[in-house]
Amino acid sequence: SWHARSAACQQCDQHCRAEFPSGGDRRMDVVSLKGAKCLRHALVLSTLSGKTLRVEKIRENSERPGLAPHEACLLRLIEKVTNGTVVEISPTGTSLRFKPGIVVGGANLRHDCGKSRAIGFFLEPLILLSLFGKKPTSITLTGITNDDVDPSVDCFRSVTLLLLREFGVGEDDLQKPLRLQINKRGMRPLAGGEVFLHCPTVKAIKSVRVLDEGMVKRVRGIAYSANTPPHMTMRMVDGARGVLNKLLADVYIFTDHMSGAKAGLSPGYGLALIGESTTGSRVYTEESCSAGARGDGNNGKGEPGGGAAEPGFGEGEGGPGGRGVQLVPEMLGENAARTLLEEIKRGGYVDSSHQALALTLCALSSQDGISQLRMGPLTPHSVEILRLIQKFFKIKFKIAPEQQSKTLFLSCIGAGIKNQSSSLN
């Protein structure tokens, strides 16, 4: 009867108010997760979908329970570029309730990323959110620019920004395109780096069809150093060329040596390599070495308490970890070159470090077409991202393997997320 249904609705409302005292969120608008795994990506999907996120049991059995410093720093960054965001954290830090607001963007923003994770950890979620902002975002980020845990700022400038242009980012704002500028380099442990990011807004993400990975025609790279002798960069170049020139003649590696105020507060050096194919795809790898020994009980690129993180954009949601091994420049160059060859062998239009970003963009794309991507074997982190996308947007990818090349063809119809602020303007 009508009275029975009304009584049931009242009971449901009372239950929701008791469970969410400050918001009264409906169950259909709430996504619940356990643990800090992929928390960074979950916060982005929550903001773009408008659904409240509840996370429980955040490292509750760890020696350091609750949110890590870099996760709290990410929440502060999201609050800077949004309006109306509500964050509730339990006294122990093991439970989080995140009610998203509206992305507004803004100019002349500044954020300190701290010393526990590199700037690359914050760049991906910042860009994904800023695309759907009310205004373009111009922000200066300070912290660590290069390490062996998170994607470096060179990765974003050389590969990630070009991948975003494949999805139509920057086409509507030719006067002020998507741009990342490195002002200072900062290595572990004292950081001191600084980058400037300008991210325009988009009305919607366009669907893409990139199935031909092509053949690698040339290799470009950046050998960088900070507060070290200038010859370090040339020694890394010689080590990489000793491996790559046996297979390819067109290899050119730029050198970027910084000293003084632009070199940050700690010495270090590294090598970033980019393999460019005949179809425009890019494969990225990087090796770096700094004076900071970062062992603190965590499992390297993974979370404390288990679960290894993936390279690049993989959610290594633990604290500083990593190898902590000091490599001579020649050996570091050789390792970077061999890692690049292994990444090329995996196949796919995007490398393993950009799988999660590409899948997210496909899920957000417009519904006027089918997005199709060719990838190598999925990383464990990419599998978790597919599950998160299904939870927030109810989107499932169709996966078709190709036995000959051992690559995967992934396709989906996007959720059609539009920038409501841009359409109103």
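Colleague: What makes arginine 40 and glutamate 124 a salt bridge in this model?

Modeller: In this predicted model, the closest N and O atoms of arginine 40 and glutamate 124 are 3.8 Å apart. The cut-off is within 4 Å, so the pair qualifies as a salt bridge.

Colleague: Why is this pair said to tie together parts that are 84 residues apart in sequence?

Modeller: Arginine 40 belongs to helix H2 (residues 39-49) and glutamate 124 to helix H4 (residues 120-130), so their contact joins those two parts.

Colleague: Why are arginine 40 and glutamate 124 called buried?

Modeller: Buried requires a relative accessible area under 20%. Arginine 40 has 3%, and glutamate 124 has 3%; therefore each is classed as buried.

Colleague: How do you know that arginine 188 forms a salt bridge with aspartate 147?

Modeller: Their closest N and O atoms are 2.8 Å apart, and the limit is within 4 Å, so the criterion is met. Arginine 188 lies in the loop between strands S9 and S10, and aspartate 147 in the loop between strand S8 and helix H5, 41 residues apart. With relative accessible areas of 2% for arginine 188 and 6% for aspartate 147, both are under 20% and therefore buried.

Colleague: Which residues are joined with Arg185 and Asp256 into one network?

Modeller: The side chains of arginine 185 and aspartate 256 meet in a salt bridge at 3.0 Å, N to O. Through salt bridges that share partners, Asp154 and Arg157 belong to one network with Arg185 and Asp256. Arginine 185 is at 0% relative accessibility, which is under 20%, so this residue is buried.

How values were computed
Residues are numbered from 1 along each chain as its sequence is written. This is a predicted model: local features need pLDDT of at least 70, side-chain atom pairs count only at pLDDT 80 or more; totals for chains, interfaces and linings use all residues. Side-chain values use heavy atoms; hydrogens and water are left out. Helices (H or I, at least four residues) and strands (E, at least two) are DSSP runs, numbered from the N terminus. Buried means under 20% relative accessible area, exposed over 50%, partly exposed in between (1.4 Å probe, protein chains only).
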